Amino acid sequence: MIVGMGIQIVPAGMADFHQVLSDHSRYWGERDLRSLHLLALVQEFGSTCLVARAEDGIRGYIFGFVTPTPPGTCI
């Protein structure tokens, strides 16, 4: 967990994923990008999915994964 300026950066869980979808317009305004948010990323790569949480809710998030291929390597 990383803490700074009243924000905690922690691994994302299933509840965080659903909260982000519920508050989608907070992050993306009128653009509906919910279909690009993949639950499988949180389920399978939870340790690399992060949320920045403050008293007023989730301030930011990243749902993704780190590739096992070393940097600069092409397959």
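In the predicted model, Leu 50 is found in strand β3, which comprises residues 50-54. With a relative accessibility of 31%, Leu 50 is classed as partly exposed. Together with Ile 9 and Ile 62, Leu 50 forms a nonpolar patch on the surface, and the accessible area of the three residues together is about 220 Å².

Strand β3 belongs to a protein chain with three helices and four strands. The order of these elements from the N terminus is β-β-α-α-α-β-β. The C-alpha trace spans about 40 × 30 × 20 Å along its principal axes. The protein chain has 75 residues, of which 25% count as buried. Its exposed area is about 5,400 Å², with 60% supplied by carbon and sulfur atoms. Among contacts between residues at least 6 apart in sequence, 54% join residues at least 24 apart.

The loop between α3 (39-44) and β3 contains Thr 48. This residue is partly exposed, its relative accessible area being 27%. When residues up to four places away in sequence are not counted, Thr 48 touches Ile 62, Gly 64, Phe 65 and Val 66. Ile 62, one of these contacts, is also a member of the nonpolar patch that includes Leu 50. Thr 73 lies 25 residues from Thr 48 along the chain, and the C-alpha atoms of the two are separated by 21 Å.

Charged side chains were examined next. The protein chain has 5 positive and 7 negative side chains, and a distance of 4 Å separates the centres of the two sets. Side chains of opposite charge can pair when their charged atoms come close. Four salt bridges are found in the whole structure. One of them joins Asp 56 to Arg 26, with 3.3 Å between the closest N and O atoms. Because Asp 56 lies in the loop between β3 and β4 (57-62) and Arg 26 in helix α2 (residues 24-28), this pair ties together parts that are 30 residues apart in sequence. Both partners are partly exposed, with relative accessible areas of 48% for Asp 56 and 38% for Arg 26.

Asp 56 also forms a salt bridge with Arg 59, where the closest N and O atoms are 3.0 Å apart. Arg 59 counts as partly exposed at 46% relative accessibility. Arg 26, Asp 56 and Arg 59 are thereby linked in a network of salt bridges. A further salt bridge brings together the side chains of Arg 34 and Asp 32, at an N to O distance of 2.8 Å. Arg 34 is likewise partly exposed, with a relative accessible area of 41%.

Notes. Residues are numbered from 1 along each chain as its sequence is written. This is a predicted model: local features need pLDDT of at least 70, side-chain atom pairs count only at pLDDT 80 or more; totals for chains, interfaces and linings use all residues. Side-chain values use heavy atoms; hydrogens and water are left out. Patches are made of residues with over 30% relative accessible area and no salt bridge: like charges are joined within 9 Å, nonpolar side chains (Val, Leu, Ile, Met, Phe, Trp, Tyr) within 5 Å. Accessible areas come from the Shrake-Rupley method with a 1.4 Å probe; for residues, only the protein chains shown count as cover. Helices (H or I, at least four residues) and strands (E, at least two) are DSSP runs, numbered from the N terminus. Buried means under 20% relative accessible area, exposed over 50%, partly exposed in between (1.4 Å probe, protein chains only). Contact means heavy atoms within 4.5 Å. Lys and Arg count as positive and Asp and Glu as negative; His and the chain ends are not counted. The place of a charge is taken as NZ of Lys, CZ of Arg, CG of Asp or CD of Glu.
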